[in-house]
Amino acid sequence: MEEKLISFTKEVDAWIEDNCPQSMRTPMPVSEQVWASSSIEFPCNDSRVWFDAMVSKGWCTPEWPVEYGGGGLSFEESKILKSRLKFFGCRPAQINFGISMLGPVILEFGTDDQKKEFLPKISRGEIWWCQGFSEPGAGSDLANLSTTAKLIDGEYIINGSKIWTSEANKADWMYCLVRTAKTEKKQAGISFILINLKQPKIDIKPIKLLSGQSPFCQVFFDDVIASESHRLADENDGWKVAKRLLEFERTMMADMGSEGAVDIEPIETFKTSDALSAPGQLNLLTKIKKHEMRNHLIDLTMTRTQIESKNGFSPAALSLKYISTEETQARWELNVASLGAGGLENVENSSGIKKEIAKSFFYSKAYTIAGGSSEVQLNIISKHILGLPS
Ligand SMILES: Cc1cc2nc3c(=O)[nH]c(=O)nc-3n(C[C@H](O)[C@H](O)[C@H](O)COP(=O)(O)OP(=O)(O)OC[C@H]3O[C@@H](n4cnc5c(N)ncnc54)[C@H](O)[C@@H]3O)c2cc1C
């Protein structure tokens, strides 16, 4: 490693030592996540201290320019920062789709005014963004969307509805795909606009799930207004922005692979237990080892695609979402298996780690649907990597 990068690594380690409270260096339960929002809440003082430290350093968005609230780091420095944060087990200072998905497309397609207006607020965690892509008739076939936006005197008037919008009831703004023209090729009449949700004529209805929780919403627009200045790219040219954003979403989901509310702890316990000699358990240990190796390979491929993407198209990136989310499901299945025959028994009344595992196990089923289902990812791989006919 270059001298400069060695000294940067030392600088990062010292900074983490001084600024990251010990309690922020432990696995993070879902209940202690800090979500970026205009009404941001911290579960404890340490999480606020850690958030403030990361934000003031610009390290929640390490590669963004300093003038937009970023850290101004190079790709190599940012890679070191991320790996040292991981090494010390530091929690993410904030959960923010603005950082992982929207910000990068604003940097790529936004005007100077849009960058100045949104990027600093995003990196400081001041906006909760939700994603208004899917509609009742447009999921896998996203370009089939029919929510309309009509431009009148510098303002879009929006009508229609979005579905499966995660956390829309808590969000401040939505980045949204709308139809601005009826064209033969469906993709050619779509625009990408940013909508302030704090206005009348937006009706947000939570969709109750079997679990009783409602992270999903259906959002209804009835003459809702968005400024023309909040459209990214030209009118009717929003599909390219959407495609790019989906790439960032899929990379983010692929990167979540080895994370989890409880970080495979029972498997660790199992490995050291005397029960190894019991029938079937050696088989389970073999599966765990294979999973760990595959996870390591996914991490290596992720790093390779990040380097390749800097210089253009990385074919392997197209396969990562599929491979990684399928592996995440395998991880939680192994976690449940390691709990033994009663793994999912009586989940309602269980507590602690058993409950966390059960919740993560059930939720992991969603990973192969969100951001584009596994079947659709396989279609993309067969067309764009293997060159098979569509
Ligand atoms: C946890 C989670 C969070 C989400 N959050 C959001 C959000 O915030 N914002 C948002 O806009 N959307 C969100 N979604 C919606 C998500 O993008 C869609 O569910 C997804 O794109 C699939 O669309 P669909 O549900 O309409 O299923 P459909 O498109 O109706 O698909 C149904 C089934 O048919 C299969 N299928 C469809 N087309 C093909 C094909 N061509 N070849 C082979 N098989 C096919 C699919 O794989 C699937 O199994 C979320 C979904 C989940 C699970």
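Which residues does Thr61 touch, not counting residues up to four places away in sequence?

**Entry 1. Thr61**

I am working from a predicted model. I looked up Thr61 and found that it touches Gly69, Gly70, Gly71, Ile99 and Ser123, with residues up to four places away in sequence not counted. Thr61 sits in the loop between α2 and α3. I then checked its exposure: Thr61 has a relative accessible area of 2%, so I entered it as buried, the limit being under 20%.

**Entry 2. The largest nonpolar core**

I asked next which residues have the most contacts inside the largest nonpolar core. They are Leu102 and Phe192, in a core of 55 residues. I listed the elements that each supply at least two residues of this core: the helices α1 (3-19), α2 (45-57), α3 (75-87), α4 (97-109), α5 (112-123) and α6 (239-255), and the strands β4 (173-179) and β5 (190-196). The most comes from α6, which gives 7 residues. I also noted that the core takes at least three residues from domain 1 (3-95) and at least three from domain 2 (129-236).

I followed Leu102 further. Setting aside residues up to four places away in sequence, I found Leu102 touching Phe97, Ile122, Trp129, Tyr175, Phe192, Leu194 and Leu245. Apart from this core lies another, of 19 residues, and I wrote down Met174, Val178, Ile202 and Phe221 as being among them.

**Entry 3. Val12**

I went to Val12, which is in helix α1. Is Val12 buried or exposed? Its relative accessible area is 0%, so Val12 is buried. With residues up to four places away in sequence left out, Val12 touches Trp59, Leu81 and Arg84. I also took a distance from Val12 to Asp203, 191 residues apart along the chain: their C-alpha atoms are separated by 45 Å.

**Entry 4. Cavities**

How many cavities of 30 Å³ or more are there? I counted 2 cavities.

The largest cavity has a volume of about 40 Å³. I recorded its lining as Met24, Met28, Glu32, Gln33, Val34, Ser47, Trp50, Arg91, Pro92 and Ala93. Sorted by class, this lining has 6 nonpolar, 2 polar and 2 charged residues.

The second largest cavity holds about 30 Å³ of space. I found it lined by Trp35, Ala36, Ile95, Asn96, Phe97, Trp128 and Trp129. By class, I put down 6 nonpolar and 1 polar for the lining of the second largest cavity, and no charged residues. I marked Phe97 and Trp129 in this lining, since I had already listed Phe97 and Trp129 among the residues that Leu102 touches.

**Entry 5. Gln377 and Thr301**

I looked up Gln377 and placed it in helix α11 (residues 374-385). Gln377 has 1% relative accessibility and therefore counts as buried. Leaving aside its neighbours within four places in sequence, I listed its contacts as Arg250, Leu318, Lys321, Tyr322, Gly371 and Gly372. For one of these, Tyr322, I also took the C-alpha distance to Gln377: it is 6.0 Å, with the two residues 55 apart along the chain.

Thr301 is in helix α8 (residues 281-310). Why does Thr301 count as partly exposed? I found Thr301 at 21% relative accessibility, and buried means under 20%, so Thr301 falls in the partly exposed class. Neighbours within four places in sequence aside, Thr301 is in contact with Ala316 and Leu320. I also noted 8.2 Å between the C-alpha atoms of Thr301 and Ala317, which are 16 residues apart along the chain.

**Entry 6. Positive phi**

Last, I checked backbone angles. Most residues other than glycine have a negative phi. I noted two exceptions.

Asp153 has a positive phi of about 50° although it is not a glycine. I located Asp153 in the loop between β2 (148-152) and β3 (155-162). Its relative accessibility is 77%, so Asp153 counts as exposed.

Where is Asp223 found? Asp223 is in strand β7 (residues 216-227). Its phi is near 60°, again a positive value in a residue other than glycine. I entered Asp223 as partly exposed because its relative accessibility is 36%.

Notes: Residues are numbered from 1 along each chain as its sequence is written. This is a predicted model: local features need pLDDT of at least 70, side-chain atom pairs count only at pLDDT 80 or more; totals for chains, interfaces and linings use all residues. Side-chain values use heavy atoms; hydrogens and water are left out. A nonpolar core is a set of buried Ala, Val, Leu, Ile, Met, Phe, Trp, Tyr and Cys residues joined through side-chain atoms within 4.5 Å. Buried means under 20% relative accessible area, exposed over 50%, partly exposed in between (1.4 Å probe, protein chains only). Helices (H or I, at least four residues) and strands (E, at least two) are DSSP runs, numbered from the N terminus. Domain bounds come from an automatic or database domain assignment. Contact means heavy atoms within 4.5 Å. On a 1 Å grid over the protein atoms alone, a cavity is a set of points where a 1.4 Å probe fits but cannot get out, and a pocket is an open set with protein on both sides within 12 Å along at least five of seven lines; lining residues have an atom within 4 Å of a point. Grid points are joined across faces, edges and corners, and a volume is the space filled by probe spheres set on the points. Ala, Val, Leu, Ile, Met, Phe, Trp, Tyr, Cys and Pro count as nonpolar, Asp, Glu, Lys and Arg as charged, and the others, Gly among them, as polar.
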